[in-house]
Amino acid sequence: MIHTHNLNKIRKVSQYKYTTFNEAALLSLDDLSESLKKLYFDLAVFPLGVRISPEVLTVYWEMSKYEVEDILSEFVKRALLIRRDDGDDAGIVEAYYIHTLLHRVVKMNFEAEQRQKLHQRFLAGYLTRADGQWHNLADHVYIHTFVGYHLFRSGNLVALADVYLNLGFLSKKISLCGPSTVLHDFVVYGQFVRDAHPALFDQMQELLQRYCYHLAINNGR
């Protein structure tokens with residue numbers, strides 16, 4: 001549920017230096033239909049500064065890519081999102097970003113327990129499509145990069161061990177994101193994994209550190 005009084009509170013306390021942008025953004029939020037407002041506030045699930053791709057939102061919102069792109073275009077038109085396509089020789093990737101101020105706005109709309117439920121719903125969408133198997137997650141760079149973040153924020157600390165000791169998942173994560181992201185996650189979330197399976201965690205960490213370069217050049221194999 002999106003609460004109008006929360007937007008009023010944000011309007012009062014915000015000290016953002018670009019006052020015109022601040023007011024325009026909040027007016028754009030006020031002017032959204034309830035259905036679009038709900039979808040926009042769903043973006044509170046994402047970390048600040050992260051690239052938001054339509055493919056990820058097709059899972060989160062349970063919509064077709066065409067429906068998602070229409071909604072994102074509306075948000076861009078209202079200056080609620082920034083479109084900045086990324087690309088290289090392999091092609092252009094459609095990418096959207098949420099402004100720092102607006103990210104704060106959507107976060108402030110939810111209490112901690114409500115934000116936790118957003119992360120649970122986000123993960124449930126991916127797991128449903130993967131038949132409940134972490135190694136079957138869609139080949140989206142985002143979910144493989146930030147699965148630990150969402151598990152931690154969802155309060156499902158037990159599942160961290162299921163994910164980071166799953167060789168199929170780790171292989172795909174390394175292939176999509178590189179081995180450094182796995183090593184990073186082992187530092188950030190390793191204690192939770194180690195608490196569940198100390199010996200196995202130590203073996204896995206040593207294996208990754210020893211064969212990091214080999215895994216990188218062989219796409220996780």
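**Helix packing and buried positions in a predicted model**

In this predicted model, helix 7, which spans residues 112–129, packs against helix 8, residues 141–154, at an angle of about 140 degrees, and the two axes lie 9 Å apart. That angle makes helix 7 oblique to helix 8, because only values over 145 degrees would count as roughly antiparallel. The crossing in which helix 7 passes helix 8 is left-handed. On the side of helix 7 the contact is formed by Q116, H119, Q120, F122, L123 and Y126, and these meet Y142, I143, V147, Y149, H150, L151, R153 and S154 in helix 8. Sorted by class, the contact of helix 7 with helix 8 holds eight nonpolar, five polar and one charged residues.

A second pairing is found between helix 3, residues 34–41, and helix 5, whose axes are 11 Å apart and enclose an angle of about 90 degrees. Helix 3 and helix 5 are therefore roughly perpendicular to each other. Here L36, L39 and Y40 of helix 3 make the contact with I71, E74 and F75 of helix 5, and the residues of this contact divide into five nonpolar, no polar and one charged.

Helix 5 covers residues 65–77, and the loop between helix 5 and strand 1 (82–83) is the place of L80. With a relative accessibility of 0%, L80 counts as buried, because the cut-off for that class is under 20%. L80 and I98 are separated by 18 residues in sequence, while their C-alpha atoms are 6.9 Å apart in space.

Another loop position is E94, located between strand 3 (91–93) and strand 4 (96–97). What does its 17% relative accessibility make E94, buried or exposed? At that value E94 counts as buried, and the side chain of E94 makes a polar contact with the side chain of Y96 at 2.5 Å. When neighbours within four places in sequence are left aside, E94 is in contact with S53, P54, E69, R83 and D85.

Towards the later part of the chain, helix 10, residues 167–177, has F169, L170, K172, K173, I174 and C177 as its buried residues. At the start of helix 10, a side-chain oxygen of N166 comes to within 3.0 Å of the backbone nitrogen of G168, and just after helix 10, G178 adopts a positive phi of about 95 degrees. Helix 11, residues 179–196, packs against helix 10 at an angle of about 125 degrees, with the axes 7 Å apart. Helix 10 and helix 11 are therefore oblique to each other. Their contact is made by L170, K173, I174 and C177 of helix 10 together with P179, T181, V182, D185 and F186 of helix 11; by class, the contact of helix 10 with helix 11 comprises six nonpolar, one polar and two charged residues.

The last position to consider is A161, which lies in helix 9, residues 158–164. A161 is buried, since its relative accessible area is 4%. Although A161 and D195 are 34 residues apart in sequence, their C-alpha atoms are 8.7 Å apart in space. Apart from neighbours within four places in sequence, the residues in contact with A161 are V193, A196 and H197.

Note on methods: Residues numbered from 1 in each chain as written. Predicted model: local features only at pLDDT ≥ 70, side-chain atom pairs only at ≥ 80, totals over all residues. Heavy atoms only, no water. Axes fitted to C-alpha atoms, helices over the stretch in contact; angles between N-to-C directions. Helix = DSSP H or I, 4+ residues; strand = E, 2+ residues; numbered from the N terminus. Parallel < 35°, antiparallel > 145°, perpendicular 65-115°, else oblique. Left-handed = near helix turned anticlockwise from the far one by under 90°. Contact = heavy atoms within 4.5 Å. Nonpolar A, V, L, I, M, F, W, Y, C, P; charged D, E, K, R; others polar. Buried < 20%, exposed > 50% of the residue type's maximum accessible area, 1.4 Å probe, protein only. Polar contact = N/O pair within 3.5 Å; in protein donor to acceptor, adjacent residues only side chain to side chain.
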